[in-house]
Amino acid sequence: MNFTPRLRDTERSKEIFDPVRKKYVVLTPEEWVRQQLLYCLITEYEVPQSLIGVEIVVPLGKRSLRADIIVYDRKAVPLLIAECKAENVKIDKQTFMQIAGYNLTLQVPWLLVSNGRQLYCCKWNPVSKEYDFVTQIPKYNEW
């Protein structure tokens with residue numbers, strides 16, 4: 001993967017350009033992972049950039065949570081939720097509980113979690129009522 005983002009320095013922080021939101025955002029460790037994942041989704045998995053939402057508010061009961069990335073189909077139905085963690089954050093059961101919580105509202109078939117070093121993807125299996133982890137993520141048009 002040849003990820004070469006647009007970066008800039010401001011008086012207060014270093015920033016990275018987000019092609020989905022079409023603006024510069026503060027470069028945090030988590031944001032670096034999010035931008036890498038966006039690049040990967042667009043270039044490797046052929047997700048149309050226009051069908052990606054970043055930092056989308058998801059209502060969950062009386063609270064509102066913010067999903068890092070949501071990929072939609074052409075009818076604006078969510079297909080995938082992605083959760084990004086900084087490289088130093090271990091991906092564990094708690095991470096998947098967080099993203100599964102978002103899915104209580106959205107009911108998407110695909111969940112993806114990455115910390116930049118590790119990437120885990122699973123698909124909801126309506127027969128077994130469980131998530132099946134996949135070793136190969138299909139291209140968008142195969143979802």
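# Reading a pocket, two cores and some single residues

Guide: Let us start at the largest pocket of this predicted model, which is lined by 14 residues, with F3, P5, F17, P19 and Y39 lying nearest its centre.

Visitor: How should I read a pocket, and about how much space lies in the largest pocket here?

Guide: The general idea is that rolling a probe the size of a water molecule over the atoms shows where empty space is left. In this structure, the space in the largest pocket comes to about 230 Å³.

Visitor: Which element supplies the largest share of the lining of the largest pocket?

Guide: That is α1, from which five residues of the lining come. Both α1 and β2, the strand that spans 14–18, supply at least two residues each to the lining. If you sort the lining by class, you find eight nonpolar, five polar and one charged residues.

Visitor: How do I read a nonpolar core, and which residues have the most contacts inside the largest one?

Guide: As a general idea, in soluble globular proteins, nonpolar side chains tend to be buried together. In this model the largest nonpolar core has 23 residues, and V47, I52, I69, V71 and W143 are those with the most contacts inside it. At least two residues of this core are supplied by each of α1 (29–43), β4 (52–60), β5 (63–72), β6 (78–84) and β7 (110–114). The element that gives the most to this core is α1, with five residues, and you will remember that α1 also gives the largest share of the pocket lining.

Visitor: What does I52 touch, if residues up to four places away in sequence are not counted?

Guide: With those neighbours set aside, I52 touches V20, L38, I42, V47, I69, I70 and V71. There is also another core, lying apart from the largest one, which has 13 residues, among them A67, Y72, I81 and V113.

Visitor: Turning to single residues, is Q35 buried or exposed?

Guide: Here a cut-off helps, because a residue counts as buried when its relative accessible area is under 20%. Q35, which lies in helix α1, has a relative accessibility of 2%, so it counts as buried. The side chain of Q35 is joined to that of D18 by a polar contact of 3.0 Å. Not counting residues up to four places away in sequence, Q35 touches F3, I16, F17, D18, P19 and R21, and of these F3, F17 and P19 are named among the lining residues nearest the centre of the largest pocket.

Visitor: With which side chain does the side chain of R34 make a polar contact?

Guide: The partner is the side chain of D68, at 2.6 Å. R34 is also found in helix α1, and at 3% relative accessibility R34 counts as buried. Leaving aside neighbours within four places in sequence, the residues in contact with R34 are R21, V54, E55, D68, I69 and C84.

Visitor: How do I read a backbone angle, and what is phi of K22 near?

Guide: Look at the sign of the angle and at the kind of residue together. Phi of K22 is near 60°, a positive value in a residue other than glycine. K22 lies in the loop between β2 and β3, the latter spanning 23–26, and with a relative accessible area of 60% K22 is exposed. A76, although not a glycine, has a positive phi of about 70°. A76 is found in the loop between β5 and β6, and A76 is exposed, with a relative accessible area of 54%.

Visitor: How do I set distance along the chain beside distance in space, and what separates the C-alpha atoms of I56 and T105?

Guide: Always read the two distances as a pair. I56 and T105 are 49 residues apart along the chain, and their C-alpha atoms are separated by 13 Å. P78 and D92 are 14 residues apart in sequence, yet 24 Å apart in space, from C-alpha to C-alpha.

Visitor: Where do I56 and P78 lie?

Guide: I56 lies in strand β4 and is partly exposed, with a relative accessible area of 24%. Apart from neighbours within four places in sequence, I56 is in contact with L65, R66, A67, I70 and Y72. P78 is found in strand β6 and is buried, with a relative accessible area of 18%. With the neighbours within four places again left aside, P78 is in contact with I70, V71, Y72, L106, V108 and P109.

Notes
Residues are numbered from 1 along each chain as its sequence is written. This is a predicted model: local features need pLDDT of at least 70, side-chain atom pairs count only at pLDDT 80 or more; totals for chains, interfaces and linings use all residues. Side-chain values use heavy atoms; hydrogens and water are left out. A nonpolar core is a set of buried Ala, Val, Leu, Ile, Met, Phe, Trp, Tyr and Cys residues joined through side-chain atoms within 4.5 Å. Buried means under 20% relative accessible area, exposed over 50%, partly exposed in between (1.4 Å probe, protein chains only). Helices (H or I, at least four residues) and strands (E, at least two) are DSSP runs, numbered from the N terminus. Contact means heavy atoms within 4.5 Å. On a 1 Å grid over the protein atoms alone, a cavity is a set of points where a 1.4 Å probe fits but cannot get out, and a pocket is an open set with protein on both sides within 12 Å along at least five of seven lines; lining residues have an atom within 4 Å of a point. Grid points are joined across faces, edges and corners, and a volume is the space filled by probe spheres set on the points. Ala, Val, Leu, Ile, Met, Phe, Trp, Tyr, Cys and Pro count as nonpolar, Asp, Glu, Lys and Arg as charged, and the others, Gly among them, as polar. A polar contact is a pair of N or O atoms within 3.5 Å; within protein, one must be able to donate a hydrogen and the other to accept it, and residues adjacent in sequence count only if both atoms are side-chain atoms.
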